[in-house]
Each structure stands twice: as structure tokens, then as C-alpha cells.
Amino acid sequence: MIKPIIIAEVGCNHMGDIEIAKKMIKTAANFCEADAVKFQKRCVKELLTAQQYMAPHPVPHNSYGKTYGEHREFLEFNIDQHMELYETCLAEGIEYSCSAWELTSAKEIAGLKPKWIKIPSASNTDFRMLSWLIDNFDGQIHISLGMTTRKEEEFIVNLFDKAGRLKDVVLYACTSGYPVDFEDVCLLEIKRLKDTYGSSVHAIGFSGHHLGIAADVAGLAVGAEFFERHFTLNRTWKGTDHAASLEPDGLRRLARDLRNVSKALAYKREEILPVEWVQRRKLKTRELLDEAAAQAEPEAVNL
């Protein structure tokens with residue numbers, strides 16, 4: 001039986017408001033019963049060029065600043081605020097995690113000593129950051145493989161293998177779109193990763209940006225153990241990620257369904273289960289009489 005780990009990715013859906021972020025933690029923990037929440041950390045001026053910083057947001061309606069850089073800065077929490085979020089997670093009994101987009105953020109988040117740090121698809125070829133984490137962070141390193149070539153994927157895996165850290169790695173099948181059409185979800189990538197790396201890494205995950213929850217349940221059936229979905233309190237809120245996110249009841253149902261289906265993904269422990277014996281005695285009366293007669297007088301049974 002695969003025990004699924006459900007991660008509510010808050011990302012930037014808090015809209016730069018730490019009180020909303022804390023409310024999302026509490027909702028994910030207590031109503032949705034998720035296992036973890038995930039935030040994001042960027043050093044915007046390190047991540048963007050001056051030209052990118054000063055450019056307008058590609059969707060002005062969703063912008064929180066006059067430029068794309070100002071928009072990104074508005075949505076950022078500093079490391080002290082991330083500590084507040086970490087402590088809120090501890091108080092609510094849910095795991096804190098965070099995506100690090102570049103080296104400065106990786107160093108800051110590593111200082112909080114979370115159980116794992118996530119590397120988003122956009123940053124998985126930042127080998128300077130990956131190498132620093134390999135040498136300086138003892139926890140798990142989760143890596144999304146959206147918009148990544150097979151050659152890049154192999155290089156990432158080999159980097160961790162050479163350092164003896166593959167058992168600390170979780171690889172996520174992912175399609176980088178918001179939202180993703182079902183024909184682009186490509187669930188069998190989970191199976192490919194499981195077949196290729198399953199015996200070497202800690203686990204295989206699925207980072208989904210699709211609508212609904214059916215694809216996640218199918219992802220469990222083909223081998224995913226970690227399930228990361230964008231999470232919001234209201235899909236109509238301002239921002240680019242809300243439309244591809246689950247609201248609280250959707251995340252609650254996802255957690256319920258994944259855990260129930262994980263219990264069902266098993267072979268029978270014995271030929272006739274205890275729950276079946278009651279029905280067998282009630283519904284197979286004739287067959288049971290024939291069995292008893294066969295044992296007493298085999299020749300008397302009309303075959």
C-alpha cells in the first residue's frame with residue numbers, strides 16, 4: 001500500500017497577506033487534512049534581470065505592482081515571516097515546506113531546517129543551488145521535472161547520485177501549464193520515473209496543475225506517493241494561479257479519495273476475506289451443501 005502525502009501548495013495565493021497565509025495553513029491542516037503546505041521564496045532581484053524587473057506584468061489585471069519586479073516583490077515574505085509560517089504549521093500539526101527559486105532563497109529556507117525543500121521546474125537546472133543544497137542541507141530535496149529534457153533530468157539525477165544523496169530525492173512528474181489540459185497531464189510519466197528511478201530515489205511525486213481531482217487518483221495507481229496541488233481559499237481571487245488551484249472542499253475530497261484508494265490498492269490477503277465469509281454462508285448455501293455432501297459421499301454428488 002502506498003501512503004499518499006498530500007501537499008497544499010499555497011505558493012503566492014496568499015496575495016502578499018501573511019494573515020491570509022496563516023488562515024490557509026489552518027484550513028489545509030484542520031478542514032482539508034493535508035499533510036503539508038508549501039510556500040515559495042524568491043530573491044527577486046537575483047532571479048530577474050533589470051529588464052525583466054522593469055517590464056510590465058504580462059497580465060496587468062493580475063499585477064500587484066507597476067512592474068513585474070514590483071509585483072513579485074509585493075508577493076514575497078521575508079525570512080522572519082517564513083519563520084512565522086513555519087511556527088504556525090508546527091502549532092497546527094502540518095508540515096511546512098517551501099520552494100526555493102535561487103541560491104539566496106535556498107540558503108534562507110535551509111536555515112529554518114524544514115523536512116524538505118522543493119526545487120521548482122523553473123530552477124531545476126540551477127546546478128549552483130543544487131550543489132549547495134547537496135553539501136549543506138540534510139533534509140529531503142524535492143524536484144519538479146516540468147519543461148525539462150531527458151538529458152537535463154539525467155544530469156540532475158547523476159549530480160545527486162555522485163554525491164550519495166539520491167535517497168533524499170523525490171522526483172515529481174509535472175507539466176508546466178496553468179491550468180493543464182488533460183491530454184497534457186501525461187500520467188504515465190509517473191510510471192516512467194517509477195520504473196527508471198524508483199529503486200534509487202526516496203519516492204516519485206506528482207505536481208498537478210489540472211482541473212478536478214480524478215487525475216491524482218489515477219496518479220496514485222501508477223506509482224506516485226507525493227501529491228502537490230495549488231491551493232486557494234477562493235478561485236476568483238486576483239492572481240494567475242487561483243484558476244488552477246483547489247478550494248478547501250476540493251483539497252479535502254482529494255485527501256479523502258487518495259487515502260481511501262491507497263487502502264484499496266492491494267491484493268487479497270487470503271482467498272476468502274473475513275468480510276466475505278458472512279456473504280458466502282448466506283449466498284452460497286447450495287454450494288456449501290454440495291461441498292459437505294462431497295466430503296461425506298463424493299459419489300452422491302451430481303457433477
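Strands here are DSSP E runs of at least two residues and helices H or I runs of at least four, numbered from the N terminus; two strands pair if DSSP finds at least two bridges between them. The model is predicted: local features need pLDDT of at least 70, side-chain atom pairs count only at pLDDT 80 or more, and totals for chains, interfaces and linings use all residues. Residues are numbered from 1 along each chain as its sequence is written, and side-chain values use heavy atoms, with hydrogens and water left out.

**Exercise 1.** Work out in which order the strands close into a barrel.

Solution. Go round β1-β2-β3-β4-β5-β6-β7-β8: these 8 strands close the barrel, with parallel pairing. Now check the seam: β1 (residues 5-11) and β8 (residues 226-230) pair in the parallel sense over 5 bridges. In there, Glu-9 has His-230 of β8 as its bridge partner.

**Exercise 2.** Place strand β6 (residues 169-174) among its neighbours and find how many of its residues are buried (under 20% relative accessible area, 1.4 Å probe, protein chains only).

Solution. Start with β5 (residues 140-144), joined to β6 by 4 bridges and running parallel. His-142 has Val-170 as its partner in β6. Next, 5 bridges join β6 to the parallel β7 (residues 203-208), where Tyr-172 partners Gly-205. Finally, burial: 6 of the 6 residues in β6 are buried. Val-169, Leu-171 and Ala-173 cover one side, and Val-170, Tyr-172 and Cys-174 the other.

**Exercise 3.** Explain why Cys-98 has no sulfur close enough for a bond.

Solution. Look for the closest cysteine sulfur: that of Cys-12 is 9.6 Å away, too far for a bond. A disulfide needs two cysteine sulfur atoms within 2.5 Å, and the structure holds 0 of them.

Methods: Buried means under 20% relative accessible area, exposed over 50%, partly exposed in between (1.4 Å probe, protein chains only).
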